[in-house]
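Hi there,

Here is the structure I promised to pass along. Have a look at it first, and my notes follow underneath.

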Amino acid sequence: MLYELIYRSTAKPGLTEQDLEDILKTARDFNQANNLTGCLLYHGGQFLQLLEGDFQILLDLYDRIKRDSRHREFLLLHMKETDQRVYTDWTMAFKSLDQNQLGKYSSVTEFTELVTNEKESSMSKELFQAISAALVSG
Ligand SMILES: Cc1cc2nc3c(=O)[nH]c(=O)nc-3n(C[C@H](O)[C@H](O)[C@H](O)COP(=O)(O)O)c2cc1C
């Protein structure tokens with residue numbers, strides 16, 4: 001059964017380009033080997049991540065991700081069964097959005113506006129769908 005998990009977190013102060021590269025390298029290696037796909041967004045010192053794959057693999061990974069000192073203040077927004085991946089071709093897509101860019105894809109202006117209720121959970125999913133469409137069309 002295919003599941004999707006979306007959480008947000010706050011990056012540690014002083015997170016560097018190198019930190020981001022290291023995160024993506026680890027993520028892509030593990031995800032490739034475990035049939036996981038998804039996308040990591042970075043905006044205003046906040047991460048928003050979508051992960052798609054097997055339920056138990058996702059839960060175990062989310063536990064490890066929460067112990068990672070490169071971010072904190074986690075909020076699980078969405079854990080749902082799905083019949084289709086949004087990021088079929090990406091072991092972990094990445095997009096760093098600058099201050100005004102988020103508005104191009106969503107009515108959300110900060111990831112911290114996303115909280116755990118049905119409406120916001122679908123808003124976060126819609127944001128990932130819009131980003132995915134933009135990645136495909138270049
Ligand atoms: C924002 C963020 C996103 C991450 N995403 C993934 C991911 O998709 N897949 C993955 O294997 N590790 C990811 N990691 C790395 C994990 O937190 C962790 O470093 C990795 O699973 C190795 O865990 P270990 O050191 O406990 O073995 C992410 C880390 C951060 C900070």
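The largest pocket holds about 320 Å³ of space; please keep in mind that this is a predicted model. Its lining is made up of 17 residues, and those nearest the centre are I23, A27, I65, D68 and R70. Three elements give two or more residues each to that lining: α1 (17-33), β3 (46-54) and α2 (55-66). Of these, α1 gives the most, with five residues. If you are wondering about the chemistry of the lining, ten of its residues are nonpolar, four are polar and three are charged.

I also spent some time on strand β2, which covers residues 37-43. Seven of its seven residues are buried. In a regular strand, side chains alternate between the two faces of the sheet. In β2, T37, C39, L41 and H43 point one way, while G38, L40 and Y42 point the other way, and all are buried.

Which strands does β2 pair with? One partner is β3, which runs antiparallel to β2 and is joined to it by seven bridges. These two strands form a hairpin with two residues between them, where G44 takes a positive phi near 55°. Another partner is β5 (residues 93-96), which pairs with β2 in the parallel sense over four bridges.

C39 is a handy residue to click on when you trace this: in β3 it stands opposite L50, and in β5 its bridge partner is A93.

Happy browsing, and best wishes!

Conventions: Residues are numbered from 1 along each chain as its sequence is written. This is a predicted model: local features need pLDDT of at least 70, side-chain atom pairs count only at pLDDT 80 or more; totals for chains, interfaces and linings use all residues. Side-chain values use heavy atoms; hydrogens and water are left out. On a 1 Å grid over the protein atoms alone, a cavity is a set of points where a 1.4 Å probe fits but cannot get out, and a pocket is an open set with protein on both sides within 12 Å along at least five of seven lines; lining residues have an atom within 4 Å of a point. Grid points are joined across faces, edges and corners, and a volume is the space filled by probe spheres set on the points. Ala, Val, Leu, Ile, Met, Phe, Trp, Tyr, Cys and Pro count as nonpolar, Asp, Glu, Lys and Arg as charged, and the others, Gly among them, as polar. Buried means under 20% relative accessible area, exposed over 50%, partly exposed in between (1.4 Å probe, protein chains only). Two strands pair if DSSP finds at least two bridges between them.
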